[in-house]
Amino acid sequence: MNYSQVVGQFHPLLVHLPIGILLFAFLMIIYQKWQKAEMTEAISLALLLGSVAALFSCIAGWFLAQSGEYEAEIVQKHQWTAIASTVFGFVAYFYKNQRMILSSIMVATLTIAGHFGGTITHGQGYLFGKQEQLAEIPQNVEKQTKIDTLNTSKETVKQTFLYQEKVVPILEKKCYSCHSSRKKKGGLRLDAETFIRKGGKNGEILIGGNPSKSALYTNLLLPLDDDKHMPPKGKSQLTSGEISVIHYWIKKGASFTGEIEAETVIPQVITPLNEVSSQNILPENLELDILEPNLNKPDQQTLEKLKNEKIVINSEGLEGKKLAVNFVNIKDLNTNQITDLQTIRENIFSLKINNKALSDVNLGQIKTFENLEKLNLDQTSITDKGIIKLVNLKNLKHLNLYDTNISDESIDALSSIKTLKVLYLWKTKISESGIEKLKKKLPNTKIEYGNFKFSKPDSLK
């Protein structure tokens, strides 16, 4: 484990604490001077706590900077102004008679340090203007409209530079915050042709003409909770149209200067996300033409009926076409309520029913929810006979069977669901040997089974 990297990751968490405390101390100093109030002890405590917190933040920031993933010049400015803020905070703590001037300098340096920190994270001009354009513009390339020489009033189709006009805006909006001159996550920059061709610490990311071998594209298709998925979870994700542009550009040779007609229709990619290999190398003959399932909007009358029955329904994306359904408020489960879900089954991606009234019969209905990715059946009355009905859920990634009566008889059925990422089996009747068997059959699945062991403390002799 890289402990310096672990320590560095605490910097974003720690950095806001000293800012708040030190600014509060400064406000108390102003208040004390104007109102002649006695707040010396409170100010001293705030300055001390804020300066100590700033010190720890500086240490964590120093470790974070050692990754080499950030622009050195801005990091240096951020680092030294932050250190100056910390020093002036400590000096103001010890020299009470000079606190007004010292704390004023402290706040000034703290503001500058914060500005540089914001620049590192969000880019130049993040406060009042558009962020800096970092992309390398192809030289000697000029957009132009071709005019019919026989009729100057008749304009032919405009030519568009695919990389500069279609790809760069996507990279700038969704990728530059982590992969540009100001930050080089994984040693990778995407703000210029040279750097894109070079790749990062894990090697090349672009193979012209072959999207399935280009990590720049394949990493976009991985499940959101995969460590290699880009952009990472929590960041603004690319739309299916944006991913299709990346795919089309690479498939056409990944030219940084090539043109296409502006009216060219870029084909949408058609392979579901969960069918894409978790590796960066996909079959050469795999044609990826669609990213998201083609869903209809859920029936509004059904939604209203379910909500009136206190069933919680939330949107999970695709303009309300992906739904998460939760029976948490239902005490007396009615089989008809699950039957009603059939009308919107293609829209259900997450389903939670933790009710003893749920039985194997209901699983016969749930097995038709073809897009289901998360299924929570904890504390229900399902058995091994019911689990067999779930093997047809080809998109299932999370399955919670906590505190149910399933046993080793379900091992074969569960191990056939190869898409599973997380499986909860705590307080079930599956044996330890059964758990080990499942682990071998599902090596890429995280199996939670409550394996908490407490070792006895060594006795004194």
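A residue is called buried when its relative accessible area is under 20%, exposed when that area is over 50%, and partly exposed in between. With 40% relative accessibility, E436 therefore counts as partly exposed, and the same cut-offs apply to the other residues discussed below, in what is a predicted model.

E436 is a convenient place to enter the structure, since the side chains of E436 and K439 meet in a salt bridge with an N to O distance of 3.8 Å. Both E436 and K439 belong to helix α16, where they stand three residues apart, about one turn of the helix. K439, like its partner, falls into the partly exposed class, because its relative accessible area is 32%.

Helix α16, which covers residues 432-441, also contains K441, and this residue forms a pair with D412 that links distant parts of the chain, given that D412 lies in helix α15 (residues 411-415), 29 residues away. The side chains of K441 and D412 meet in a salt bridge at 3.0 Å, N to O, and K441 is itself partly exposed, with a relative accessible area of 33%. A further salt bridge joins the side chains of D191 and R189 at 2.8 Å, again taken from N to O. Here the setting is a buried one on the acidic side, because D191 has a relative accessible area of 2%. In total, the count for the chain comes to six salt bridges.

The wider frame for these pairs is a chain of 461 residues, of which buried residues make up 42%, and whose secondary structure comes to 16 helices and nine strands. Among the contacts in the chain with a separation of 6 or more, 58% are between residues 24 or more positions apart. The chain exposes about 26100 Å², and carbon and sulfur atoms supply 54% of that area.

Turning from the surface to the interior, the largest nonpolar core holds 42 residues, and the members that touch the most other members are F327, L351, L375, L401, L414 and L425. Two or more residues of this core come from each of α11 (300-308), β4 (322-326), β5 (348-352), α13 (360-366), α15 and α16. Helix α15 gives the most to this core, with three residues. The helices α15 and α16, which are linked by the salt bridge between K441 and D412, are thus met again in the core. The surroundings of one of its members can be followed in detail: beyond residues up to four places away in sequence, L351 touches V325, F327, L341, I366, F369, L372, K374, L375 and N376. Apart from this core lies another one of 27 residues, which includes I170, L190, L220 and I243.

After helix α16 the chain reaches T445, which is placed in the loop between α16 and β9 (446-448). Although it sits in a loop, T445 counts as buried, because its relative accessibility is 11%. Leaving out residues up to four places away in sequence, T445 touches L420, K421, V422 and L423.

Helix α4, spanning residues 40-65 and containing F56, offers both a surface feature and a buried position. On the surface, V52, L55, F56 and I59 make a nonpolar patch of about 330 Å². A60 is also found in helix α4, yet A60 is buried, because its relative accessible area is 2%. When neighbours within four places in sequence are set aside, A60 is in contact with V7, G8, F10, H11 and L14. For V7 in particular, which is 53 residues from A60 along the chain, the two C-alpha atoms are separated by 5.6 Å.

The cysteines remain to be considered. A disulfide is a covalent bond between the sulfur atoms of two cysteines. The count of disulfides in this model comes to zero. C175 is in no disulfide, and the nearest cysteine sulfur, that of C178, is 8.7 Å away; C178 is likewise in no disulfide, with the sulfur of C175 as its nearest at 8.7 Å. Because the rule asks for a pair of cysteine sulfur atoms within 2.5 Å, the two do not qualify as a disulfide at that distance. Both residues are buried, because C175 has a relative accessible area of 13% and C178 has a relative accessibility of 11%.

Technical notes:
Residues are numbered from 1 along each chain as its sequence is written. This is a predicted model: local features need pLDDT of at least 70, side-chain atom pairs count only at pLDDT 80 or more; totals for chains, interfaces and linings use all residues. Side-chain values use heavy atoms; hydrogens and water are left out. Patches are made of residues with over 30% relative accessible area and no salt bridge: like charges are joined within 9 Å, nonpolar side chains (Val, Leu, Ile, Met, Phe, Trp, Tyr) within 5 Å. Accessible areas come from the Shrake-Rupley method with a 1.4 Å probe; for residues, only the protein chains shown count as cover. A salt bridge is a side-chain nitrogen of Lys or Arg within 4 Å of a carboxyl oxygen of Asp or Glu. Helices (H or I, at least four residues) and strands (E, at least two) are DSSP runs, numbered from the N terminus. Buried means under 20% relative accessible area, exposed over 50%, partly exposed in between (1.4 Å probe, protein chains only). Contact means heavy atoms within 4.5 Å. A nonpolar core is a set of buried Ala, Val, Leu, Ile, Met, Phe, Trp, Tyr and Cys residues joined through side-chain atoms within 4.5 Å.
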